[in-house]
Amino acid sequence: MNMRKSRKVIMLLVILGLVMGGFSAIAIAQKTTINVLASKPHSNVVDYFGAEFEKATGIKINKIEVPYPVLFDKVMTDLITGTGAYDLVCVAAGWAGDFVGGRWVLPLEGLMDKYGYPDWEDVTPAIQKTVKWSGKIYALPYDGDCHNFYYRKDALENPEYQAKFEKKYGYRYNVPPKTWEEVRDIAEFFNGWDWDNDGEKEYGIEFIAKRKTQAQWSLMDIAIQYAVLRGGPDKYHGVFFFDPETMEPLVNTPGWIEGMRMIQELAKYAPPGILSYGYSEERITFVKGQCAMAFDWGDIGVMEQYPEKYGSNVKGLLGYSPLPGAEKVWDRKEGKWLHQYNQINFLDFGGWIWCIPKTSKKADAAYKFGTYITDPERSLLEVTGINYSGANPWRISHFKRVDKWLEAGWNKESAVDYLTALQGILGDPEAVLDLRIPGTAEYYDYLDLYLSKVLAGEMTPEEACKKVYDAWEDITEKYGRKKQLNLYRESLGLKPLK
């Protein structure tokens, strides 16, 4: 065999080897299947993007869908038993105390270094905080949950009504309302008469108030404005739930009590059935046009846009803003009220996140799929509702791409105003995170219980806050004070105490 023929043979063998190697790699990839656990509607992302991901990578996605009420137990049982049934799980950010604090999920920086991450700087500052624990990244961001404020522009911006209000109350209110004190007065003014001329009586304000339906977050939206000084987090700034040096509950401080008193006052200017309003009742009632103001997650803004689907009578009539602040805030260090404007952005619930359990044997593949469905372009389709997944905007680019919101059916003014309000919250690096320690559900259940007694007139705000304080102390002792304290500090980004 001459040299030229020898080279040809060698080249053919090399090419054949590469081809066969490629086929082998594809065959191996095709054998890889990852189990993805989520509840509706977050499991929709597998339906939208699973097939195209498999086509691009050869990695198969097995969707495991369970109802929300059993999701926590499904994940925790698998982690404790070490079964390794799930490779990627979609969980609430508020459960981080159990999953991340319990060291059950993988830190992601190694995988980020290995495979990259689709534009970390595009993630809003507040949402970056929700996926960190003790300064390290343990989850992939996916949802920008927070409460914002809604108001009827045709009511609050009406010059005739503004003049009548000023004559009655002695001042001209801000649009949107700047403080909860303003909200109370505006709610009283618009309560119990037909201000939109539709032949029916309307009311001042509504919010989630029903026991066992997340009413505690309605209270916290208000109380945080009176109880938390901006800055920190440290002992006296940026902390809402516990003293970060002693784990003593802060719920019995004057700021919390004032918040409890204010929500009790607001309930007077709500529809008669307010105590039966969970989030579904509140949203449907508001988009049907029965109240002047409301506060809730971003869902009301979405439901406003679709009269056929949700019975909305208010498309184009709503204004949006971050939560109102307060005219005073309690200074725990000095033990006195500071009579100054105070406004705190709060990440109620904190959204949904994707985690990789430590028991997964396919972490690399799980990470690839997690970043695939949360990259800028696919996540934009999710948050606008074009590919509905229940997620609210959380990337900076989500707020810039107004064209996609218009494509989803929004009018331009509503889209711009809605996105501006949410970006004002999620773009705040000092936004306060929700509680994220073991037992959070128990702490919140007692807060919800005693709030319901205040709203029903069965207990004073002072009595309720003392009851919550005692219950929270008992829960902390049950889990272990030192352990809870250090996990609480880690959740705030502070170092554990020795």
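1. Is Tyr-150 buried or exposed? In this predicted model, Tyr-150 counts as buried because its relative accessibility is 0%. The residue belongs to strand 7, which covers residues 148-152. A distance helps to place this residue: 38 residues separate Tyr-150 from Met-112 along the chain, and their C-alpha atoms are 38 Å apart.

2. The interior deserves attention next. The largest nonpolar core contains 160 residues. Those with the most contacts inside this core are Trp-180, Phe-190, Phe-240, Phe-241, Trp-256, Met-293 and Trp-354. Helix 10, spanning residues 215-227, supplies the largest share of the core, with 9 residues.

3. Phe-190 may be taken as an example from that list. Beyond its neighbours within four places in sequence, Phe-190 is in contact with Ala-155, Leu-156, Tyr-161, Tyr-173, Trp-195, Glu-202, Tyr-203, Gly-204 and Ala-292.

4. Helix 9 is mostly covered, 8 of its 10 residues being buried. The buried residues are Trp-180, Glu-181, Glu-182, Val-183, Asp-185, Ile-186, Ala-187 and Phe-189. Trp-180 also appears among the core residues with the most contacts.

5. Aromatic pairs number 46 in the whole structure. In one of them, Tyr-161 and Trp-193 have ring centres 5.2 Å apart and planes at 85°, so the arrangement is edge-to-face. Tyr-161 is in helix 8 (residues 159-169), whereas Trp-193 is in the loop between helix 9 (180-189) and strand 8 (203-206); the pair therefore ties together parts 32 residues apart in sequence. The two partners may be set side by side: Tyr-161 is buried, at 6% relative accessibility, and Trp-193 is partly exposed, at 28%.

6. A further aromatic pair is formed by Phe-240 and Trp-256. Their ring centres are 4.4 Å apart and their planes lie at 15°, so this pair is stacked. Phe-240 sits in the loop between helix 10 and helix 11 (254-266), and Trp-256 in helix 11, so that the pair links distant parts of the chain, 16 residues apart. Phe-240 is buried at 2% relative accessibility, and Trp-256 is buried with a relative accessible area of 1%. Both residues are also among those with the most contacts inside the largest nonpolar core.

7. How many disulfides does a search of the whole structure find? The search finds 0. For Cys-146, the closest cysteine sulfur is that of Cys-90, and the bond is ruled out because the sulfurs are 17 Å apart, which is too far. Cys-355 is likewise in no disulfide, the nearest cysteine sulfur, again that of Cys-90, being 8.7 Å away. Cys-146 is buried, with a relative accessible area of 1%, and Cys-355 is buried, also at 1%.

8. Charged residues complete the picture. Side chains of opposite charge can pair when their charged atoms come close. The structure holds 34 salt bridges. One of them joins Lys-164 to Glu-160, with the closest N and O atoms 3.2 Å apart. Both residues lie in helix 8, 4 residues apart, about one turn of the helix. Lys-164 is partly exposed at 45% relative accessibility, and Glu-160 is partly exposed at 46%.

9. Arg-211 and Asp-448 form another salt bridge, with the closest N and O atoms 2.8 Å apart. This pair links distant parts of the chain: Arg-211 is in the loop between strand 8 and helix 10, Asp-448 is in helix 20 (residues 440-455), and their positions lie 237 residues apart in sequence. Arg-211 is partly exposed at 25% relative accessibility, whereas Asp-448 is buried at 3%.

10. A salt bridge also connects the side chains of Arg-481 and Glu-477, at 2.8 Å from N to O. Arg-481 is partly exposed at 24% relative accessibility, and Glu-477 is partly exposed at 48%. Elsewhere, salt bridges that share partners join Arg-211, Lys-212, Asp-445 and Asp-448 into one network.

11. Which side chain of opposite charge is nearest to Asp-98? It is Lys-483, 8.3 Å away; Asp-98 is buried yet has no salt bridge. Asp-98 lies in helix 4 (residues 96-99). Not counting residues up to four places away in sequence, Asp-98 touches Phe-72, Met-76, Trp-104, Ile-437, Pro-438 and Gly-439.

Note on methods
Residues numbered from 1 in each chain as written. Predicted model: local features only at pLDDT ≥ 70, side-chain atom pairs only at ≥ 80, totals over all residues. Heavy atoms only, no water. Core = buried A, V, L, I, M, F, W, Y, C linked by side-chain atoms within 4.5 Å. Buried < 20%, exposed > 50% of the residue type's maximum accessible area, 1.4 Å probe, protein only. Helix = DSSP H or I, 4+ residues; strand = E, 2+ residues; numbered from the N terminus. Contact = heavy atoms within 4.5 Å. Lys, Arg positive; Asp, Glu negative; His and termini not counted. Salt bridge = Lys/Arg side-chain N within 4 Å of Asp/Glu carboxyl O. Disulfide = S-S within 2.5 Å. Phe/Tyr/Trp six-rings, centres within 6.5 Å; stacked < 30°, edge-to-face > 60°.
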